[in-house]
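Dear colleague,

I am passing on the structure we spoke about, together with some notes on its charged side chains. Please read them with the structure open beside you.

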Amino acid sequence: MLAVAAEGSYAGAADRLVLTAPALHARIRALEDLFGTPMLTRSARGGSELTEIGRRVAQTAAAVEHQLARLAEDVGALRAGRTGRVVLRTVSTAKYFAPHFVQRLRATLPEIEVQLRVGNRQSVIEGLASGRMDLAIMGRPPRIPAVDAEILAPHPHLLIAAAGHRLAGMAQVPVAELLSETFILREEGSGTRILATRWLDQTGKGYPFDTVEMDSNETIKQAVMAGMGIALLSQHTVLQELADGRLVGMKVPGLPIMRNWFLVHRAGHPLSPTERKLHDAILGLRGMLAT
């Protein structure tokens with residue numbers, strides 16, 4: 001239709017498009033039948049020109065053609081991993097370094113939109129299982145669902161107490177003294193809680209101990225500083241408080257517990273080029289996570 005208007009005749013347009021005149025007539029007739037109105041009319045010069053409706057259709061067709069060209073460019077970029085959006089999930093303990101880490105990623109790969117989501121261990125596992133996330137940074141990788149995991153950095157855990165706590169200055173805290181304290185734990189489903197309860201069961205050899213449950217590391221830190229009890233936490237969560245003397249690490253046999261941070265994604269689900277590019281960039285910045 002645009003070629004007919006530009007050339008002024010069906011014959012000229014057919015030559016330009018390398019079509020037969022009947023084939024070109026058939027295409028324009030199908031378009032006119034679709035809209036129920038003529039697209040072309042005779043011009044004052046004797047050739048063909050667009051009707052008002054034809055011009056409107058032509059403008060829209062040109063806009064659609066432009067958008068399709070842009071789409072082809074975008075798809076090509078996505079397939080090459082040059083642009084796109086990736087959801088990165090982290091366990092709540094990682095929120096103390098994740099924003100700075102993501103900002104570095106955005107500076108390194110400005111063409112990729114990195115969306116950060118934070119939750120406890122159980123929510124991260126559920127997200128991996130359902131496919132709602134692409135990549136995750138967490139501690140111990142789950143067995144279900146199966147994941148591919150890469151070590152990012154060491155992840156030490158230590159027992160913390162208020163600076164003035166009665167056991168804080170001891171060269172080595174006796175287990176019996178330790179188990180007489182109240183332990184402040186994270187909520188069910190937290191990886192920190194799982195690690196703490198396992199360590200307490202092993203250390204205490206079945207000896208009972210008192211616990212208080214709180215739903216965030218921040219609340220636990222405040223409770224410990226207030227003298228409500230002691231807690232086993234990731235060293236990443238208390239670096240500032242240890243540095244300024246508001247909290248102290250207790251000297252206990254077997255501590256700190258050394259774990260690792262992992263970058264994980266669902267096994268059997270190949271990463272897209274964009275996800276793979278971000279995955280490799282995260283591994284390239286793994287030194288940022290070291291304490």
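Does Glu241 count as buried or exposed? Before answering, I should say that this is a predicted model, and the remarks below should be read with that in mind. Glu241 lies in helix H10, which spans residues 239–243, and with a relative accessibility of 8% it counts as buried, because the cut-off for that class is under 20% relative accessible area. The side chain of Glu241 also makes a polar contact, at 2.9 Å, with the side chain of Lys221.

As background, side chains of opposite charge can pair when their charged atoms come close. A search of the whole structure returned 13 salt bridges, and I describe three of them here, starting with the one between Arg246 and Asp244. The side chains of these two residues meet at 3.0 Å, taken from N to O; Arg246 is partly exposed, with a relative accessible area of 38%, and Asp244 is likewise partly exposed, its relative accessible area being 38%. Salt bridges with shared partners link Asp244 and Arg246 with Glu218, Lys221 and Glu241 in one network, so that the buried Glu241 belongs to it as well.

A salt bridge is also formed by Glu181 and Arg166, whose closest N and O atoms are 2.9 Å apart. Glu181 sits in the loop between helix H7 (175–178) and strand S7 (182–185), whereas Arg166 sits in the loop between strand S6 (147–162) and H7, so the pair ties together parts that are 15 residues apart in sequence. Glu181 itself is buried, with a relative accessible area of 11%.

In the salt bridge between Arg193 and Glu188, the closest N and O atoms are 3.2 Å apart. Its two partners fall into opposite classes of exposure: Arg193 counts as buried at 15% relative accessibility, while Glu188 is exposed, with a relative accessible area of 57%.

Lastly, there is a group of like charges to look at on the surface, where Arg140, Arg143, Arg198 and Arg259 gather in a patch of positive charge. One of these, Arg259, is found in strand S11, which covers residues 257–266, and is partly exposed, with a relative accessible area of 41%; Arg259 can therefore be counted in such a patch as far as exposure goes, since patches are made of residues with over 30% relative accessible area and no salt bridge.

With best wishes

Note on methods. Residues are numbered from 1 along each chain as its sequence is written. This is a predicted model: local features need pLDDT of at least 70, side-chain atom pairs count only at pLDDT 80 or more; totals for chains, interfaces and linings use all residues. Side-chain values use heavy atoms; hydrogens and water are left out. Patches are made of residues with over 30% relative accessible area and no salt bridge: like charges are joined within 9 Å, nonpolar side chains (Val, Leu, Ile, Met, Phe, Trp, Tyr) within 5 Å. Accessible areas come from the Shrake-Rupley method with a 1.4 Å probe; for residues, only the protein chains shown count as cover. A salt bridge is a side-chain nitrogen of Lys or Arg within 4 Å of a carboxyl oxygen of Asp or Glu. Lys and Arg count as positive and Asp and Glu as negative; His and the chain ends are not counted. The place of a charge is taken as NZ of Lys, CZ of Arg, CG of Asp or CD of Glu. Helices (H or I, at least four residues) and strands (E, at least two) are DSSP runs, numbered from the N terminus. Buried means under 20% relative accessible area, exposed over 50%, partly exposed in between (1.4 Å probe, protein chains only). A polar contact is a pair of N or O atoms within 3.5 Å; within protein, one must be able to donate a hydrogen and the other to accept it, and residues adjacent in sequence count only if both atoms are side-chain atoms.
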